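Trainee: I would like to learn how to read a model of a protein chain, feature by feature. Could you take me through this one?

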Amino acid sequence: MFKLYFFLFVAFINSCINGYDGSLMGGINAMKTYQSYFHMKTVGSQTGLVFSVYTIGNIIGSFFCGPFTDWWGRRWGLFIGASIIIAGTCVQAPATSKAMFMGGRFILGFGVATCATAGPAYVAEMAHPAWRGTLGGLYNTFWYVGAIPATWTIYATQNLDGELSWRLPIWLQAVASGAVLLGCLFCPETPRWLISNDRHAEAISVIAKYHGEGDRSSPIVLLSYREMIEEIATEGSDKRWWDYASLFNTKEAWWRCACWMGMGFFGQWSGNGAVSYFLPVLLDTIGVKEERTQLLYNAFLNVISFVMATIGARFVDRIGRRPVLLIGTSLFVVWWTIITVLTSIYAKQDNENLAGSRAAITFIYVFGITFSFAYTPLQALYPVECLSYSERAKGLGMCNLIVNFASFFNTYAIPTSWEKITWRFYFLFIAWDVFEVIFIYFFFVETKGRTLEAINEIFEAPYPKKRSVQKHIVVMTGEGIVDKGIDDQC
């Protein structure tokens with residue numbers, strides 16, 4: 001079992017890679033040595049281009065990551081993604097021109113798309129069914145394991161003289177990628193990928209060794225293998241790299257879309273994308289204007305968010321996916337309403353009421369903590385669960401595409417709108433979060449307590465949401481045959 005945890009930890013590091021870069025460029029962009037070397041400003045079209053080229057690489061990579069992960073397997077998907085990221089680092093870190101620097105960021109974005117697809121797929125398909133929810137939730141919490149070192153690295157290196165102050169943090173991006181590159185060589189392939197490629201003997205060996213403690217006749221091994229061979233086709237759409245039609249061509253597929261696409265949009269548009277933009281404004285209001293102090297506030301917020309996300313990862317299995325999302329999103333409405341009132345009163349140039357400003361900042365922190373608890377564990381886990389095996393890799397690629405489009409909106413639309421309507425933009429978050437609560441209630445299914453294959457039964461039902469909240473039964477008969485079904489009386 002400890003070997004299995006090591007393999008999953010290797011996949012978790014993919015999330016660290018994304019978190020590190022996601023927190024890195026904001027700090028580097030504020031460094032005077034970086035600005036001087038490339039003749040950049042903290043804002044402006046050139047700065048926007050440097051940031052967006054990473055997103056462009058990620059968007060383009062979204063169309064390749066599915067085929068990579070389907071053709072060569074989940075673990076080789078990890079290897080390919082890590083290799084591309086290391087290549088991007090080797091272009092970006094020693095860059096002597098703006099074009100070279102942006103080229104490196106494009107390559108990084110392309111590689112991260114593959115890691116963001118292969119990583120969660122590997123975790124969900126390899127984890128023991130009893131712990132898939134917790135372990136799948138922990139995957140995305142490792143975003144902070146990358147973000148926290150990035151924040152503190154920038155905090156430490158900004159005192160270094162010359163180019164090393166910004167080049168060193170970029171070089172350090174290769175550390176996590178190198179760990180994945182080496183670690184995945186020791187990881188087994190997932191049994192589901194092996195079965196889809198007609199390698200049944202290897203699949204049974206993997207299931208028995210890591211889920212059944214070496215016992216091929218273990219009930220969990222028998223049930224898992226039977227479900228896999230019933231649900232996974234050796235001639236599915238995962239064998240046709242160009243075929244994305246199965247993601248949208250049936251009622252079942254559209255209901256799945258409502259879940260994984262909804263999670264992609266809601267995970268970016270609940271108001272969390274604005275926190276990093278508005279926090280410096282409110283810190284200025286209460287007199288916290290020094291750059292190092294603001295970096296310190298952000299660093300502590302990342303630490304707190306990591307702790308809450310880790311706790312949340314355990315609760316997604318205890319409480320369930322739907323209750324966590326419904327309660328968390330409902331609280332977003334409350335927090336943004338309070339933040340809107342406080343900001344409208346206290347976030348002004350002539351404001352002298354520091355208590356009011358501190359209250360506004362406190363509730364922005366409370367929102368961030370709530371988001372980390374409710375959404376961070378499910379952002380990677382829930383889409384994986386809602387996609388069937390043959391569509392999983394391509395679907396995760398499309399989910400990554402949606403996340404990038406939503407992030408692009410956060411990067412450009414929010415600052416532009418804030419400049420024109422200031423705190424009134426918060427009303428959009430309130431209205432959108434109300435919509436999210438309604439959408440989640442009627443369309444999101446509950447996946448707690450089911451194997452990945454058993455979840456397919458939910459989407460085959462006339463009304464998947466209703467079926468998902470019914471009790472799922474697993475029975476061992478006297479002859480030792482494992483059976484399963486839905487308790488229609490629940």
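**Reading the model step by step**

Mentor: Let us begin with a pair of cysteines: Cys 65 is buried, having a relative accessible area of 0%, whereas Cys 90 is partly exposed, with a relative accessible area of 42%. Please keep in mind throughout that this is a predicted model.

Trainee: How many disulfides does a search of the whole structure find?

Mentor: The general idea is to look for a pair of cysteine sulfur atoms within 2.5 Å. In this structure, a search of the whole finds zero disulfides.

Trainee: Before we go into detail, how many helices and strands are in the protein chain, and what share of its residues is buried?

Mentor: The protein chain contains 21 helices and two strands, and buried residues make up 56% of its 490 residues. Where contacts in the protein chain have a separation of 6 or more, 79% of them are accounted for by residues 24 or more positions apart.

Trainee: How should I read the packing of two helices, and at what angle do the axes of H4 and H5 cross?

Mentor: One reads the angle between the N-to-C directions, and an angle over 145 degrees counts as roughly antiparallel. Here the axes of helix H4 (residues 74–92) and helix H5 (residues 98–126) come within 7 Å and cross at roughly 160°, which makes H4 roughly antiparallel to H5. The crossing of H4 and H5 is left-handed, and the residues of their contact divide into 16 nonpolar, 10 polar and four charged.

Trainee: And how do H1 and H5 pack, in angle and in the distance between their axes?

Mentor: The reading goes by angle once again: H1 and H5 pack at about 150°, with their axes 9 Å apart, and they are therefore roughly antiparallel to each other. Their crossing is left-handed. On the H1 side the residues that meet H5 include Leu 4, Phe 7, Leu 8, Ala 11 and Phe 12, while on the H5 side those that meet H1 include Phe 101, Arg 105, Leu 108, Val 112 and Cys 115. By class, the contact of H1 with H5 has 14 nonpolar, three polar and two charged residues.

Trainee: Which residues of helix H8 are buried, and what covers them?

Mentor: To read burial in a helix, one lists the residues with under 20% relative accessible area and then looks for what lies against them. In helix H8 (residues 173–183), the buried residues are Gln 173, Ala 176, Ser 177, Gly 178, Val 180 and Gly 183. What covers them includes helix H1 (2–29), H4, H5 and helix H7 (164–171), so H1, H4 and H5, which we met in the two packings, return here as part of that cover.

Trainee: For a single residue such as Asn 456, is it buried or exposed, and which residues does it touch?

Mentor: The useful habit is to place the residue, then its accessibility, then its partners. Asn 456 lies in helix H20 (residues 455–460) and is buried, with a relative accessible area of 7%. Leaving aside residues up to four places away in sequence, Asn 456 touches Glu 231, Arg 256 and Ser 388.

Trainee: How far apart are the C-alpha atoms of Ile 304 and Gly 368, and those of Tyr 365 and Ser 305?

Mentor: Here one sets separation along the chain beside separation in space. The C-alpha atoms of Ile 304 and Gly 368 are separated by 9.1 Å, although these residues are 64 residues apart along the chain; likewise, Tyr 365 and Ser 305 are 60 residues apart along the chain, and their C-alpha atoms are separated by 9.2 Å. Ile 304 has its place in helix H14 (residues 291–318) and counts as partly exposed at 35% relative accessibility, whereas Tyr 365 lies in helix H16 (residues 354–374) and counts as buried at 14%.

Trainee: Finally, what is the phi of His 39, and what is that of Glu 213?

Mentor: When reading phi, one looks at its sign and at the residue type. Phi of His 39 is near 55°, a positive value in a residue other than glycine, and phi of Glu 213, which is also not a glycine, is positive and near 55°. His 39 lies in the loop between helix H2 (32–38) and helix H3 (45–71) and counts as exposed at 69% relative accessibility. Glu 213 is found in the loop between helix H10 (200–211) and helix H11 (219–231), and at 76% relative accessibility Glu 213 counts as exposed.

Definitions and conventions
Residues numbered from 1 in each chain as written. Predicted model: local features only at pLDDT ≥ 70, side-chain atom pairs only at ≥ 80, totals over all residues. Heavy atoms only, no water. Buried < 20%, exposed > 50% of the residue type's maximum accessible area, 1.4 Å probe, protein only. Axes fitted to C-alpha atoms, helices over the stretch in contact; angles between N-to-C directions. Helix = DSSP H or I, 4+ residues; strand = E, 2+ residues; numbered from the N terminus. Parallel < 35°, antiparallel > 145°, perpendicular 65-115°, else oblique. Left-handed = near helix turned anticlockwise from the far one by under 90°. Nonpolar A, V, L, I, M, F, W, Y, C, P; charged D, E, K, R; others polar. Contact = heavy atoms within 4.5 Å.
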